[in-house]
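Visitor: I would like to learn how to read a model feature by feature. Where should we start?

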Amino acid sequence: MERIIKATRPEMASYEEYIDEIRSVWDTGAMTNNGPKVQMFAEKLKAYMNCPHVELFVNGHASLAAAIKAMELPRGTEVLTSPFTFVSTTNAIEQCGLIPVFCDIDDTYNIDTDSIRRNITSGTSAIVTPHIFGIPCHVEEIESIAKEYGIKVIYDGAQAFGTKINGKNIAEFGDAVMFSFHAIKVFNAIEGGALAYRDAKLKEKLELYRNFGISYGATNDVEVSGFNAKMTEFSAAMGLVNLPHVEETIMRRKRLARHYQEVFAEIPGIETYRYEESIDYNYAYFPVVIDAGKTGMTRDAIWLALKENGVETRKLYDVLTCDYTFYKSKPYKRDVRYAREMTERCLDFPMYSCLREEDVDYIGEVLKKIV
Ligand SMILES: *Cc1c(COP(=O)(O)O)cnc(C)c1O
């Protein structure tokens with residue numbers, strides 16, 4: 001009788017599809033090192049994302065770090081970013097010897113372009129920022145700022161696979177876009193990551209960083225201190241069998257999002273996202289903003305009451321990355337008033353294609369009962 005609704009569930013093709021796909025690994029013996037499945041997966045992604053340049057990596061984080069390295073942003077320069085994200089974004093900037101400058105967000109949950117303008121200086125070399133919840137940043141305005149100041153734009157699109165702006169895939173905006181294929185993203189390869197990028201010349205550098213920095217020739221040499229970030233054939237195989245299902249997954253999630261909107265419209269103080277017509281969202285998440293004045297309860301109290309009633313939700317994000325212990329004491333600039341407010345008001349509801357409409361109705365009933 002007690003039902004439990006999980007916060008996330010992975011999107012997986014059938015067991016049979018996967019087994020069929022990996023059978024040939026036993027014939028070839030190729031398990032990793034840019035094998036046939038990785039190459040095929042990269043080609044399929046280029047077609048899907050309408051982007052001629054795509055490299056695959058072991059995960060999204062490594063893809064982002066490799067992108068930053070390959071662009072050779074001068075060490076010690078400033079990078080504008082949003083702290084309302086998974087810590088990976090901030091870590092990648094820091095690990096590449098750059099100085100994160102934490103900008104505020106707006107009601108898209110993404111970097112606020114006014115905050116970009118307030119914080120950009122002659123020492124700024126790039127904007128490295130997420131499309132959080134799969135909701136796109138203000139890409140046009142960001143591009144025009146980047147042009148004006150001659151800086152790079154790298155998007156952390158870990159959550160944004162499949163999102164389109166005016167019919168254009170999100171991979172087509174910015175100098176590079178990272179995607180994560182971690183198990184709980186809209187589209188997964190168990191673990192995995194991709195980088196879509198504009199400048200063909202980056203290819204060689206990205207390959208070096210992915211493979212220890214080794215360049216193969218008459219004598220093998222090492223020109224950069226690379227990492228090991230290669231995708232395995234088993235991951236690529238999972239990506240290959242999941243990719244044909246991704247549009248259907250997104251359509252399913254869209255229907256669930258519409259249903260949530262109808263159900264939550266009757267509950268005062270639960271503000272759902274105002275989706276824009278020009279954007280095809282991937283509905284990776286279903287974030288709402290709690291107006292405690294109307295619900296009479298804080299986000300944390302609602303989270304707990306839902307949990308006690310078998311509904312798992314996630315406090316995304318309850319800490320800004322700049323407020324974690326490692327970053328807290330660093331002298332990095334912070335312009336994060338609204339972002340910090342959101343850490344106390346934002347709540348992410350269950351969203352995955354095997355969630356049922358009746359589960360959403362149930363969540364609505366529980367929510368009505370408690371607030
Ligand atoms: C998932 C995620 C990452 C990390 O991706 P991995 O593939 O797990 O390395 C980075 N940034 C954001 C915003 C994410 O959601």
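Guide: We will go through domains, cavities, helices, single residues and backbone angles. Keep in mind that this is a predicted model.

Visitor: Domains, then. How is the protein divided?

Guide: The assignment gives domain 1 (15–245) and domain 2 (246–370). Their contact draws 46 residues from domain 1 and 38 residues from domain 2. Between the C-alpha centres of the two domains the distance is 25 Å.

Visitor: How many cavities of 30 Å³ or more are there?

Guide: A cavity is a space where a probe fits but cannot get out. The count here is two. The largest holds about 100 Å³. The second largest has about 40 Å³.

Visitor: Which residues lie nearest the centre of the largest cavity?

Guide: Thr8, Ile184, Ala284, Arg314 and Met351 do, out of 15 lining residues. Then look at chemistry. This lining has eight nonpolar residues, one polar and six charged. Look at origin too: domain 1 (15–245) and domain 2 (246–370) each supply at least three of the lining residues.

Visitor: And what lines the second largest cavity?

Guide: Phe133, Ile135, Tyr275, Tyr281, Asn282, Tyr283, Ala284, Tyr285 and Pro287. Eight of these count as nonpolar and one as polar, with no charged residue in the lining.

Visitor: Now helices. What span does α14 reach?

Guide: Compare the end-to-end distance with the expected rise of 1.5 Å a residue. Helix α14 covers residues 357–370, 14 residues in total. From first C-alpha to last, α14 reaches 20 Å, close to the expected 20 Å.

Visitor: Which residues of α14 are buried?

Guide: Buried means under 20% relative accessible area. In α14 that holds for Asp359, Val360, Tyr362, Ile363, Gly364, Val366, Leu367 and Ile370. Next, find their partners. The buried residues of α14 pack against helices α9 (246–265) and α11 (299–308), and against strands β12 (270–272) and β15 (346–349).

Visitor: Why is helix α4 described as largely enclosed?

Guide: Count its buried residues. Six of the eight residues in α4 (residues 88–95) are buried, so the rest of the structure largely encloses this helix. The six are Ser88, Thr89, Thr90, Ala92, Ile93 and Glu94.

Visitor: What do the buried residues of α4 pack against?

Guide: Two helices are on the list, α3 (60–70) and α12 (325–328). The strands are β2 (78–81), β3 (99–102), β4 (124–130) and β5 (152–156). Past the end of α4 comes Gly97, with a positive phi near 75°.

Visitor: Let us try single residues. Is Met342 buried or exposed?

Guide: Set its relative accessibility against the 20% cut-off. Met342 has 1%, so it counts as buried. Its place is helix α13 (residues 337–345). Beyond its sequence neighbours up to four places away, Met342 touches Phe84, Ile105, Tyr109, Val289 and Tyr317.

Visitor: And where is Ser63?

Guide: Ser63 sits in helix α3. With 0% relative accessibility, Ser63 is buried. Leaving out neighbours within four places, Ser63 contacts Phe57, Met178, Phe179, Gly193, Ala194 and Leu195.

Visitor: What about a loop residue, Ala158?

Guide: Ala158 belongs to the loop between β5 and β6 (164–165). At 10% relative accessibility, Ala158 is buried. Sequence-distant contacts of Ala158, beyond four places, are Met178, Phe179, Ser180 and Lys185. Val186 is 28 residues from Ala158 in sequence, and their C-alpha atoms are 9.6 Å apart.

Visitor: Last, the backbone. What should I expect before looking for exceptions?

Guide: Most residues other than glycine have a negative phi, and most peptide bonds are trans. Now for the exceptions. The Leu316 to Tyr317 peptide bond is cis, with omega near -10°. Tyr317 lies in the loop between α11 and α12.

Visitor: Which value does phi take at Asn33?

Guide: Phi of Asn33 is positive, near 60°, and Asn33 is not a glycine. Asn33 is in the loop between α1 (15–28) and α2 (36–49). Its relative accessibility is 51%, so Asn33 counts as exposed.

Visitor: And what is phi at Phe212?

Guide: Positive as well, about 65°, in a residue that is not a glycine. Phe212 lies in the loop between α7 (202–210) and β10 (214–215). With a relative accessible area of 40%, Phe212 is partly exposed.

Key. Residues are numbered from 1 along each chain as its sequence is written. This is a predicted model: local features need pLDDT of at least 70, side-chain atom pairs count only at pLDDT 80 or more; totals for chains, interfaces and linings use all residues. Side-chain values use heavy atoms; hydrogens and water are left out. On a 1 Å grid over the protein atoms alone, a cavity is a set of points where a 1.4 Å probe fits but cannot get out, and a pocket is an open set with protein on both sides within 12 Å along at least five of seven lines; lining residues have an atom within 4 Å of a point. Grid points are joined across faces, edges and corners, and a volume is the space filled by probe spheres set on the points. Ala, Val, Leu, Ile, Met, Phe, Trp, Tyr, Cys and Pro count as nonpolar, Asp, Glu, Lys and Arg as charged, and the others, Gly among them, as polar. Domain bounds come from an automatic or database domain assignment. Helices (H or I, at least four residues) and strands (E, at least two) are DSSP runs, numbered from the N terminus. The expected span of a helix is 1.5 Å times one less than its number of residues. Buried means under 20% relative accessible area, exposed over 50%, partly exposed in between (1.4 Å probe, protein chains only). Contact means heavy atoms within 4.5 Å.
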